[in-house]
Amino acid sequence: MKIRHADTIEATVAGFTGTARQPKALAVRLPDGRVALSQRLTTALATRIAPRLVPQPGRAHTQDGDAYTPASGEIVVEVVAGTTRHAVVTVVRLR
C-alpha cells in the first residue's frame, strides 16, 4: 500500500505562468525558501488571483529550471505541498 504525504501550508506568490489575466500556474515561495511551480490552477482560482497579480519585467526560474513571470505584491495562498522527494504543490485557495 502506498501512502502519500502532503501538508497544507501557506505560501507567498513569487510569480506565475501564462498571462496575468489568465494565470495557468503559480510560482510559490514555500516556508523553506524554495520556489516551486504549482499544478495547473482551476478556472475559479485563476479568476480570483488574476486581479492581484502585478507582473514584473523579465523572467525568473525555479531551482528545477522552470521559467515563470515574477510578480510583485504580497499575495498569500494556501497550498497542499507533498513532503516526499518529488513534492507536488497544489493551490487550494487565496488567503
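Where in the chain does Thr62 lie? In this predicted model, Thr62 is found in the loop that runs between β5 (60-61) and β6 (67-72). Its relative accessibility is 6%, and because buried means under 20%, Thr62 counts as buried. Beyond its neighbours within four places in sequence, Thr62 is in contact with Val35, Ala36, Leu37 and Tyr68. Val35, Ala36 and Leu37 belong to strand β3 (residues 35-37), so this loop residue is a convenient point from which to survey the fold.

The overall plan may be set out next. The protein chain contains one helix and eight strands, and from the N terminus on these elements follow the order β-β-β-α-β-β-β-β-β. Of the 95 residues in the chain, 38% are buried. The chain exposes about 6,100 Å², of which carbon and sulfur atoms supply 50%. Among contacts with a separation of 6 or more, 48% are accounted for by residues 24 or more positions apart.

Strand β2 (residues 23-29) is largely enclosed by the rest of the structure, because five of its seven residues are buried. This strand pairs with β3 in the antiparallel sense, over three bridges. Within that pairing, Arg29 has Val35 of β3 as its bridge partner. The two strands form a hairpin with five residues between them, and Gly33 in the turn has a positive phi of about 95°. The side chains of Asp32 and Arg34 meet in a salt bridge, with an N to O distance of 3.3 Å. Asp32 is exposed, with a relative accessible area of 57%, whereas Arg34, at 33% relative accessibility, counts as partly exposed.

A hairpin is also formed by β5 and β6, with five residues between them. Gly65, in its turn, has a positive phi of about 95°. Two bridges join these strands, which run antiparallel, and the bridge partner of Ala60 in β6 is Tyr68. Tyr68 is also one of the residues in contact with Thr62. Strand β6 is joined in addition to β4 (residues 54-55), again by two bridges and in the antiparallel sense. In that pairing, Pro55 stands opposite Ala71.

Ala71, which lies in strand β6, merits a closer look. With 14% relative accessibility, Ala71 counts as buried. Not counting residues up to four places away in sequence, Ala71 touches Leu53, Val54, Pro55 and Gln56, and also Val13, Ala14, Gly15 and Phe16. Ala14 is 57 residues from Ala71 along the chain, yet their C-alpha atoms are separated by 5.7 Å.

What, then, lies in the nonpolar interior? The largest nonpolar core has 20 residues, and those with the most contacts inside it are Leu26 and Val77. At least two residues of this core come from each of β1 (6-18), β2, α1 (43-49), β7 (76-82) and β8 (89-94). Leu26 touches Val77 itself, and its other contacts, leaving out residues up to four places away in sequence, include Val13, Phe16, Leu37, Leu41, Ile49 and Val91. A second, separate core has five residues, among them Ala14, Ala27, Ala60 and Tyr68. Two of these, Ala60 and Tyr68, are the bridge partners already met in the β5 and β6 pairing.

The charged side chains complete the picture. Side chains of opposite charge can pair when their charged atoms come close. A search of the whole structure finds four salt bridges. Arg93 forms one with Glu78, the closest N and O atoms being 3.0 Å apart. Arg93 lies in strand β8 and Glu78 in strand β7, so the pair ties together parts that are 15 residues apart in sequence. Arg95 likewise forms a salt bridge with Glu78, with the closest N and O atoms 2.4 Å apart. This pair links the segment after β8, which holds Arg95, to strand β7, 17 residues away.

How buried or exposed are Arg93, Arg95 and Glu78? Arg93 is partly exposed, with a relative accessible area of 41%, and Arg95 is partly exposed at 44%. Glu78, by contrast, counts as buried at 10% relative accessibility. Together with Glu10, these three residues are linked in a network of salt bridges.

Notes: Residues numbered from 1 in each chain as written. Predicted model: local features only at pLDDT ≥ 70, side-chain atom pairs only at ≥ 80, totals over all residues. Heavy atoms only, no water. Helix = DSSP H or I, 4+ residues; strand = E, 2+ residues; numbered from the N terminus. Buried < 20%, exposed > 50% of the residue type's maximum accessible area, 1.4 Å probe, protein only. Contact = heavy atoms within 4.5 Å. Areas by Shrake-Rupley, 256 points an atom, 1.4 Å probe, with all protein chains shown as cover. Pairing = 2+ DSSP bridges. Core = buried A, V, L, I, M, F, W, Y, C linked by side-chain atoms within 4.5 Å.
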